[in-house]
Amino acid sequence: MGAVPLTQTKTKEASIQTLVDLVAGDMEKVNQLILSKAGSNVDLIPEIARHLIDSGGKRLRPMLTLAFAKMFDYGSEQGDVILAASVEFMHTATLLHDDVVDESDMRRGKLAARKLWGNQASVLVGDYLLGQAFKMMVDVGSLEALRILSEASAIIAEGEVLQLGAAQDTNTTEAQYMQVIEAKTAALFAAACEVGPEICDQGSKMRQVARKFGMDLGLAFQLVDDALDYGGSAKDLGKDVGDDFHEGKITLPIIYAIQRGTQEDRVFWKRCLEEGDIKDGDLDYAIDLLKSTGALADTIKRARDFGASAIEALDELPDGECKEALRESVEFCIARVS
């Protein structure tokens with residue numbers, strides 16, 4: 001059966017509730033494991049870790065790990081739960097590190113950890129969580145699962161460095177930016193999906209299908225976030241609208257707008273993003289430019305294209321409730337900006 005096309009507007013089906021319900025029992029175990037492994041005799045470690053862990057977030061990545069393991073009838077062992085918790089620890093660590101690198105003030109609607117405890121503590125607690133993640137991976141006993149997730153960790157770090165090199169550079173190309181988000185965001189989605197069939201002893205074909213799905217979903221997810229920063233709400237983002245603008249981030253909507261704008265527009269982007277000279281009204285003007293050049297609309301279109309590709313990848317997977325939950329998760333990610 002062909003891929004189901006992405007809807008163009010929000011509908012009641014644009015929800016991850018099917019996925020949430022599907023893995024609810026295992027996610028309860030994941031959450032318990034996360035809280036237990038975030039503990040330490042050093043009081044500051046659990047304090048900072050729980051500040052972010054308890055602040056919300058849909059925990060989509062660990063749910064994907066559980067869904068793929070369930071799709072291939074993983075047994076009664078706890079390997080899927082342990083790997084799902086490892087994935088969430090990796091994600092949490094990257095958030096702590098990202099907020100320091102980006103000098104962000106807010107995370108998931110709350111003050112970023114770095115604003116409460118400082119940059120040094122945030123980085124070190126992120127390192128601690130990564131260490132715990134790898135200890136848990138070893139407990140599963142799958143060398144290949146360890147390889148998949150450790151490789152993702154290295155790729156994420158490379159993406160951070162790539163982004164640092166492109167930061168506040170209005171000459172950044174679309175290809176360079178896509179390389180950044182493939183590493184920073186999509187690599188963990190891909191790994192989270194791939195370890196599911198791996199621990200179920202599936203062959204390379206199923207692993208690659210799962211990886212393809214995760215990679216495309218991750219790219220769509222990030223591009224939607226890029227668009228939401230200029231066309232969404234603080235509730236959707238968990239941070240203030242326009243944070244990317246004020247931090248001088250060069251995202252895909254900006255790249256499109258610079259390419260399509262006038263010389264006067266390019267001077268504006270250079271002043272705001274490279275020089276950090278942002279005046280009252282500049283954010284509203286930037287949003288107007290992003291809309292008038294079609295930059296926001298085309299970023300959303302790119303996100304939809306990756307979403308459609310993710311759904312198409314599902315054609316190779318067994319039919320059933322897991323497959324439907326994964327399809328709906330794509331619809332949900334795209335609908336955030338519809």
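The second largest pocket of this predicted model has a volume of about 330 Å³. Its lining counts 17 residues, and the closest to the pocket centre are Asp102, Ala167, Glu247, Gly248 and Lys249. Three helices give two or more residues each to this lining: H5 (79-102), H8 (143-166) and H9 (174-199). Which of the elements gives the most? H8 does, with 4 residues.

A probe the size of a water molecule, rolled over the atoms, shows where empty space is left. Enclosed space turns up too. The count comes to 1 cavity of 30 Å³ or more. About 50 Å³ of space lies in the largest cavity. Its lining is made up of His51, Leu52, Ser55, Leu96, Asp99, Arg107, Lys110, Leu111, Ala112 and Ala113. Helix H3 (44-53), helix H5 and strand E2 (110-111) each supply at least two of these lining residues. Helix H5 thus appears in both linings: it gives two or more residues to that of the second largest pocket and at least two to that of the largest cavity.

Here are the two linings by class.

| Space | Volume | Nonpolar | Polar | Charged |
|---|---|---|---|---|
| Second largest pocket | about 330 Å³ | 7 residues | 5 residues | 5 residues |
| Largest cavity | about 50 Å³ | 5 residues | 2 residues | 3 residues |

Now take one residue of helix H5. Thr94 is found in this helix. Is Thr94 buried or exposed? Its relative accessibility is 15%. The cut-off for buried is under 20%, so Thr94 counts as buried. What does Thr94 touch, leaving aside its neighbours within four places in sequence? Thr94 is in contact with Ile156 and Glu160. Both numbers fall within the range of helix H8 (143-166).

Another helix, H17, covers residues 321-335. H17 has 15 residues and reaches 21 Å from its first C-alpha to its last. That is close to the 21 Å expected at 1.5 Å a residue. H17 is mostly covered, with 13 of its 15 residues buried.

Step back to the whole chain. It has 17 helices and 2 strands. The radius of gyration is 20 Å, close to the 20 Å that the globule rule gives for 338 residues, so the chain is as compact as a globular protein of that length. Along the principal axes, the C-alpha atoms fill a box of roughly 60 × 55 × 30 Å. Of the 338 residues, 56% count as buried. Contacts also reach across the sequence. Among those with a separation of 6 or more, 76% join residues 24 or more positions apart.

Terms used. Residues numbered from 1 in each chain as written. Predicted model: local features only at pLDDT ≥ 70, side-chain atom pairs only at ≥ 80, totals over all residues. Heavy atoms only, no water. 1 Å grid on protein atoms, 1.4 Å probe; cavity = no way out; pocket = protein on both sides within 12 Å on 5 of 7 lines; lining within 4 Å. Points joined across faces, edges and corners; volume = space filled by probe spheres on them. Nonpolar A, V, L, I, M, F, W, Y, C, P; charged D, E, K, R; others polar. Expected span 1.5 Å × (residues − 1). Buried < 20%, exposed > 50% of the residue type's maximum accessible area, 1.4 Å probe, protein only. Contact = heavy atoms within 4.5 Å. Rg over C-alpha atoms; globule rule 2.2 N^0.38 Å.
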